[in-house]
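User: Could you take a close look at the aromatic rings in this structure for me? I am new to it, so please explain the terms as you go.

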Amino acid sequence: MLRVEFEEIITPIILTNGALGLTDEALLIGNDNKILSSLAHPLADGSIAEPLKYEIGTEAAMSAAAGLNGTTSSTDYRGVKVLAAYRYIEFSPSLGWGLVVKQDESEIFDHLRTSVTQAVWVGIVGSALILAIAFVSASNLTRPIRALERAMVRVGKGDRSISLFDTSGDEIGRLTAEFNTMTTSLSHQEQELQIRGAAMDAAHEMIVIIDSSGIIEYINNAFTEETGYSSEEMIGNTMRVLKSEHQSHDFYLDLWGTVLGGRVWTGTLVNKRKDGTEYPEEMVATPITDDEGNVVRIIAIKREISQRIRMESEREISRFLESKNNELERLNEARSEFLSSVSHELRTPLTSILAFSDIIRRNRDDNLKPLQIEQLELISKGGRRLDEMIEELLDVSRSVSGKFTLNRIPFDVQESIEELSSIVMGIFDERRQKLEIVNLLNPTLMNGDRGRIMQVFSNLLTNASKYSPPGSSVEFVARAENDVLEMTIVDQGMGISAEDQQKLFIPFFRAENGQMDGVRGTGLGLVVVKTIVELHGGRIEIDSEVGMGTTVRAWIPGILPEAP
């Protein structure tokens with residue numbers, strides 16, 4: 001007869017609170033068939049499977065990962081026949097885990113095989129007992145599985161506070177402990193992600209996360225502020241919406257080829273905002289790879305750099321201008337030295353020429369012919385003109401080098417203006433021009449360099465005569481306003497264009513009209529006049545129109561108050 005020992009089978013199950021035996025084991029499997037928990041035994045080849053990497057290929061595991069529920073008698077990862085129950089636990093439409101609980105068939109049926117020795121009717125009892133064992137085993141399997149399923153669903157909905165309690169030492173108990181550890185870890189990771197997300201949103205740089213196909217998964221607040229695009233508009237979209245016409249197709253091929261090849265891309269480009277305006281940016285695109293080295297995400301950190309470009313451009317312009325200024329200073333210094341040297345070298349022989357010319361013109365022996373006397377007059381006149389030119393060159397040289405000085409003393413400015421008439425009248429008489437001097441000054445003392453101020457008067461009146469036609473009139477008006485000497489010279493000359501007026505105080509410049517009419521000049525007289533006026537603390541202005549004459553006004557401080 002067949003004898004079945006009920007206590008040997010039922011009692012261990014009851015005493016272990018649902019444990020199936022020594023070979024029972026629970027497994028968690030991801031959607032990709034990779035194990036999420038450690039295996040209790042080595043693989044068939046003796047190696048140890050690593051969680052998240054080992055892809056399990058058993059019937060129960062693959063069925064659970066595929067979303068199925070049920071039981072099966074099949075071979076496990078060791079190649080051993082087992083009885084397994086499997087179930088799919090869904091967190092969301094796209095995410096779930098497979099759960100497999102198994103036990104070796106040899107352990108389940110060992111007691112039955114050793115007890116079946118006698119009667120067929122005992123086989124019926126044994127079959128009933130097997131069904132009872134299977135029922136008890138399934139109940140013991142499904143009860144904690146259902147509890148674990150309910151807990152996982154709550155975790156999937158965002159509840160990280162849930163914790164399961166199981167005091168058994170079997171695989172279900174160990175799986176429960178691992179579940180609790182997992183939820184605690186998820187809670188900590190979620191807090192860490194929230195902190196990092198807040199930091200990314202607060203960053204000044206634009207941050208974009210895209211997948212390997214170019215679909216945007218995340219943008220931070222700085223990106224929205226700079227481009228005008230919201231998260232709703234960009235997430236699920238591509239970076240093409242920012243594309244401008246400044247980058248070529250090859251540019252983007254190089255960019256994508258670099259990051260999809262697993263390398264960091266760094267560079268600058270011009271993108272377009274939502275309102276159509278363009279902006280330059282600097283971007284660092286970093287690829288994120290999986291365990292096999294495949295690029296799964298790309299993190300792009302972008303910075304708007306228009307201000308930096310502007311500052312760099314300004315610095316470059318500043319360096320260029322500084323270089324040119326230094327070069328001009330060297331040229332001015334060299335020119336000043338040259339003018340000073342040439343002027344002194346010219347003045348030495350010129351002094352001798354003028355001296356001998358004057359001696360001969362005296363004609364003490366009365367043996368010079370009228371033509372010879374006239375030629376000597378031309379020599380003296382040309383020499384004096386050359387001497388004036390040399391003095392102007394020296395004055396310009398002194399002005400550029402900062403060595404132009406004044407000898408200030410009190411003098412009667414009214415008397416000086418009256419003296420001026422006799423100095424320049426010969427020039428006006430020669431050109432049959434009329435000089436009208438309106439001296440509105442009473443005997444007036446002025447503190448200044450008398451010789452230089454007389455030079456200003458003389459130069460301006462000489463210019464008015466040279467650039468006015470024969471028979472015309474020139475008016476000179478002098479008056480005192482508080483402590484300022486104001487003088488005005490009005491001529492009826494050819495006038496100066498507005499463009500040329502801007503260049504009149506540049507050394508050696510001469511207006512077009514003067515050159516066309518063959519009027520001699522060096523382009524230094526007005527430069528010297530302006531220097532003298534400004535050294536006295538004054539200013540000079542020129543108002544002219546082509547064909548309508550020229551008006552020159554100068555204001556020179558220094559008039560002394562009348563004695564009480």
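Analyst: Here is a walk through the ring pairs, followed by the charges that sit over rings. This is a predicted model, in which local features need pLDDT of at least 70 and side-chain atom pairs count only at pLDDT 80 or more, while totals for chains, interfaces and linings use all residues. Residues are numbered from 1 along each chain as its sequence is written, and side-chain values use heavy atoms, with hydrogens and water left out.

Searching the whole structure gives three aromatic pairs. Rings of Phe, Tyr and Trp (its six-membered ring) pair if their centres lie within 6.5 Å; planes under 30 degrees apart are stacked, over 60 edge-to-face, and the rest tilted. Phe 251 and Tyr 252 make an edge-to-face pair, with 5.4 Å from centre to centre and 90 degrees between the planes. Phe 251 is partly exposed at 22% relative accessibility, whereas Tyr 252 is buried at 18% (buried is under 20% relative accessible area, exposed over 50%, partly exposed in between, with a 1.4 Å probe and protein chains only). Together with Trp 265, these two residues form a cluster linked by ring pairs.

Phe 457 and Phe 476 are also edge-to-face, because their centres are 5.6 Å apart and their planes are at 75 degrees. Phe 457 belongs to helix α12 (residues 450-466) and Phe 476 to strand β13 (residues 473-481), so this pair ties together parts 19 residues apart in sequence. Helices (H or I, at least four residues) and strands (E, at least two) are DSSP runs, numbered from the N terminus. Both Phe 457 and Phe 476 are buried.

Now for the charges. A charge sits over a ring if NZ of Lys or CZ of Arg is within 6 Å of the ring centre and within 35 degrees of the ring normal. Lys 530 lies over the face of Phe 505, 5.7 Å from the ring centre, and Arg 539 lies over the face of Trp 555, at 3.9 Å.
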